[in-house]
Amino acid sequence: MAKDPKFTAKETAQIGWYIARMAKRGIASETVYQGDLERKVDRIIDGAREREARQAADAAAAEQAARKAAAKAKNRK
């Protein structure tokens with residue numbers, strides 16, 4: 001399994017809410033279907049992974065732009 005991303009406060013709260021609902025359904029019966037809640041949790045985790053990848057790409061692009069600007073400034077002197 002891939003490493004879990006760092007979650008925002010909203011994502012943590014949503015995951016906690018869905019896990020609590022799963023626990024409540026589990027108390028009712030062990031044979032109750034919980035796939036819908038599991039899919040929602042998986043969707044939140046996938047969204048967090050995409051957000052982290054997007055942030056990493058943005059940071060890399062900003063770093064590259066900063067290096068180009070620094071090189072340009074150095075060449076002007």
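These exercises walk through a predicted model, each with a worked solution.

Residues are numbered from 1 along each chain as its sequence is written, and side-chain values use heavy atoms, with hydrogens and water left out. In this predicted model, local features need pLDDT of at least 70 and side-chain atom pairs count only at pLDDT 80 or more, while totals for chains, interfaces and linings use all residues.

**Exercise 1. Check the length of α1 against its expected span.**

Solution. Start with the term: helices are DSSP runs of H or I with at least four residues, numbered from the N terminus. Next, the rule: the expected span is 1.5 Å times one less than the number of residues. For the 20 residues of α1, that gives 28 Å. The end C-alpha atoms of α1 are 29 Å apart, which agrees.

**Exercise 2. Find out which residues of α1 are buried and how they are arranged.**

Solution. Fix the cut-offs: buried means under 20% relative accessible area, exposed over 50%, and partly exposed in between (1.4 Å probe, protein chains only). The buried residues in α1 are E11, I15, Y18 and M22. Now look down the axis of α1. The buried residues fall within an arc of 65°, so they line one face of the helix. That arc is taken from the directions from the helix axis to the C-beta atoms. On the other side, A9, K10, W17, K24, I27 and A28 are exposed. Finally, ask what covers the buried residues: the cover includes α2.

**Exercise 3. List the largest nonpolar core and say where its residues come from.**

Solution. A nonpolar core is a set of buried Ala, Val, Leu, Ile, Met, Phe, Trp, Tyr and Cys residues joined through side-chain atoms within 4.5 Å. The largest has 7 residues: I15, Y18, M22, L37, V41, I44 and I45. α1 (9-28) and α2 (35-76) each supply at least two of them. α2 gives the most, with 4 residues. Take I15 as a sample. Leaving out residues up to four places away in sequence, I15 touches F7, V41, I44 and I45. Contact here means heavy atoms within 4.5 Å.

**Exercise 4. Place Q34 and trace its contacts.**

Solution. Q34 sits in the loop between α1 and α2. Its relative accessibility is 17%, so Q34 counts as buried. Beyond its neighbours within four places in sequence, Q34 is in contact with M22, R25 and G26. A polar atom of the Q34 side chain lies 3.0 Å from the backbone oxygen of M22.

**Exercise 5. Sort the salt bridges by the parts they link.**

Solution. A salt bridge is a side-chain nitrogen of Lys or Arg within 4 Å of a carboxyl oxygen of Asp or Glu. The whole structure holds 5 salt bridges. Three of these pairs follow.

- R51 and E11 meet at 2.8 Å, N to O. R51 lies in α2 and E11 in α1, so the pair ties together parts 40 residues apart in sequence. Both residues are buried.
- R49 and D4 meet at 3.4 Å, N to O. R49 is in α2 and D4 in the segment before α1, 45 residues apart. R49 is partly exposed at 28%, and D4 is partly exposed at 37%.
- R67 and E63 have their closest N and O atoms 3.3 Å apart. Both lie in α2, 4 residues apart, about one turn of the helix. R67 is exposed at 51%, whereas E63 is partly exposed at 48%.

Last step: look for a network. Salt bridges link D4, D46 and R49 in one.

Note on methods: Helices (H or I, at least four residues) and strands (E, at least two) are DSSP runs, numbered from the N terminus. A polar contact is a pair of N or O atoms within 3.5 Å; within protein, one must be able to donate a hydrogen and the other to accept it, and residues adjacent in sequence count only if both atoms are side-chain atoms.
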